[in-house]
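Me: I'd like to walk through this protein with you, one question at a time. Could you take a look and reason through each point with me?

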Amino acid sequence: MKLLKRIHSITHTSNLQETTKPFLPEKLEQHYGDLFTGLGCLPGTHKIRINKTVAPVVHAPRKIPIAIKDKVKAELDRMDDIGVIFKQQEPTQWVNSMVTVIKPNSKIRIYIDPRDLNKAILREHYPLKTVEEVISQMPNAKVFSKLDATSGFWHIQLDEPSSKLCTFNTPFGRYRFARLPFGINSASEVFQKIVSEMVSDIEGAEAIIDDILIWGSDQIEHDYGPALSRSII
């Protein structure tokens, strides 16, 4: 499903059988190479429900520094190419502002500023587990890995009405998100709910926001048990 970015193996135990080699991150990437490239997509579509008594707001495009204008356009084009956003031609009731952030590696990340839209969104209020709650479920765990979803929220498709709610203005015209954008106040709980349901019946796996934690009592259980194999397929 192309959901993963990296896997960190934290601990090696000394009680491995001589005939069983650790399933190291490099081997995982070789064996499941398609999971570490491209953008994944979870099943189904998500509907953003809003309070229709809240008046829609249309924001004008914000100015962006000339020094990064070409980079912003290039990132918009990239997001369009991979199906995260689309050009929006027809009028929409809601139009959000675009926010650009320069990452430490000098790349551009594009968000929307949905502060007005967030006031209208009816949240699901799905409970997010704390680290303490997760730790209490694995008293005998000694070996751990973390599966980190690349741009996790973007794995969730929006239905068309929800996509139009996530329209945003840019100096290059209007776009709308086809995938769940960062900034939506319900995004974390929606992603947590979907991933938690996916791993709910897998012993030795737990979802924490956009990560999946895998654990085992020893290296063999961690590497060859159901948690790791089912979580990455």
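Reply: Happy to! A residue is called buried when its relative accessible area is under 20%, exposed when over 50%, and partly exposed in between. Keep in mind that this is a predicted model.

Me: Thanks! With that cut-off, what percentage of the 233 residues in the protein is buried?

Reply: The count covers the 233 residues of the protein. A residue enters the buried group if its relative accessible area is under 20%. The buried share comes to 45%.

Me: How many helices and how many strands does the protein have?

Reply: Both kinds of element are present in this predicted model. The tally is eight helices and eleven strands.

Me: How confident is the predictor, and what is the mean pLDDT of the protein?

Reply: Of the residues, 79% reach a pLDDT of 70 or more. Residues 6–19 fall below 50, although this stretch has 33 contacts in the model beyond near neighbours in sequence. The mean pLDDT of the protein is 81.

Me: Of the contacts between residues at least 6 apart in sequence, what percentage joins residues at least 24 apart?

Reply: Contact here means heavy atoms within 4.5 Å. Taking the contacts between residues at least 6 apart in sequence, the share that joins residues at least 24 apart is 76%.

Me: Which helix gives the most residues to the largest nonpolar core?

Reply: The largest nonpolar core has 41 residues, and Val-72, Leu-76, Ile-85, Ile-110, Phe-168 and Phe-177 have the most contacts inside it. Elements that supply at least two residues each include α2 (66–81), β5, β9 (173–177) and α6 (187–199). With five residues, the top contributor is α6.

Me: How far apart are the end C-alpha atoms of α6, and what span should its 13 residues have?

Reply: At 1.5 Å a residue, the 13 residues of α6 should span 18 Å. The model agrees with this, because the end C-alpha atoms of α6 are 19 Å apart.

Me: What covers the buried residues of α6?

Reply: The buried residues of α6 include Ala-187, Val-190, Phe-191, Val-195 and Val-199. Glu-189, Gln-192 and Ser-196 are buried in α6 too. Among the elements that cover the buried residues of α6 are β2, β6, β10 and β11.

Me: Which residues of β9 and β8 does Ile-110 contact, given that its contacts include Phe-168 and Phe-177?

Reply: Leaving aside neighbours within four places in sequence, Ile-110 touches Val-72, Glu-75, Leu-76 and Met-79, among others. Met-98, Val-99 and Thr-100 are also in contact with Ile-110. β8 covers residues 167–170 and β9 covers 173–177, and the contacts of Ile-110 there are Phe-168 and Phe-177.

Me: Do the strands β4 and β8 run parallel or antiparallel?

Reply: Two bridges join β4 to β8, and one bridge pairs Asn-96 with Phe-168. β4 also pairs with β5, over six bridges in the antiparallel sense. For β4 and β8, the direction is parallel.

Me: In the hairpin of β4 and β5, which residue takes a positive phi?

Reply: The hairpin has five residues between its strands, and Ile-102 has Ile-108 as its bridge partner in β5. The residue asked for lies in the loop between β4 (96–102) and β5 (108–113). Its phi is about 75° although it is not a glycine. That residue is Ser-106.

Me: Is His-125 buried or exposed?

Reply: His-125 lies in the loop between α3 (115–120) and α4 (131–135). Its phi is positive, about 55°, although His-125 is not a glycine. Because its relative accessibility is 57%, over the 50% cut-off, His-125 counts as exposed.

Me: How far apart in space are the C-alpha atoms of Lys-47 and Ser-163?

Reply: Lys-47 sits in the loop between β2 and α2, and is partly exposed at 37% relative accessibility. Not counting residues up to four places away, Lys-47 touches Asp-159, Pro-161 and Ser-162. Lys-47 and Ser-163 are 116 residues apart along the chain, yet their C-alpha atoms are separated by 8.7 Å.

Key
Residues are numbered from 1 along each chain as its sequence is written. This is a predicted model: local features need pLDDT of at least 70, side-chain atom pairs count only at pLDDT 80 or more; totals for chains, interfaces and linings use all residues. Side-chain values use heavy atoms; hydrogens and water are left out. Helices (H or I, at least four residues) and strands (E, at least two) are DSSP runs, numbered from the N terminus. Buried means under 20% relative accessible area, exposed over 50%, partly exposed in between (1.4 Å probe, protein chains only). Two strands pair if DSSP finds at least two bridges between them. A nonpolar core is a set of buried Ala, Val, Leu, Ile, Met, Phe, Trp, Tyr and Cys residues joined through side-chain atoms within 4.5 Å. pLDDT is the predictor's confidence in each residue, from 0 to 100. The expected span of a helix is 1.5 Å times one less than its number of residues.
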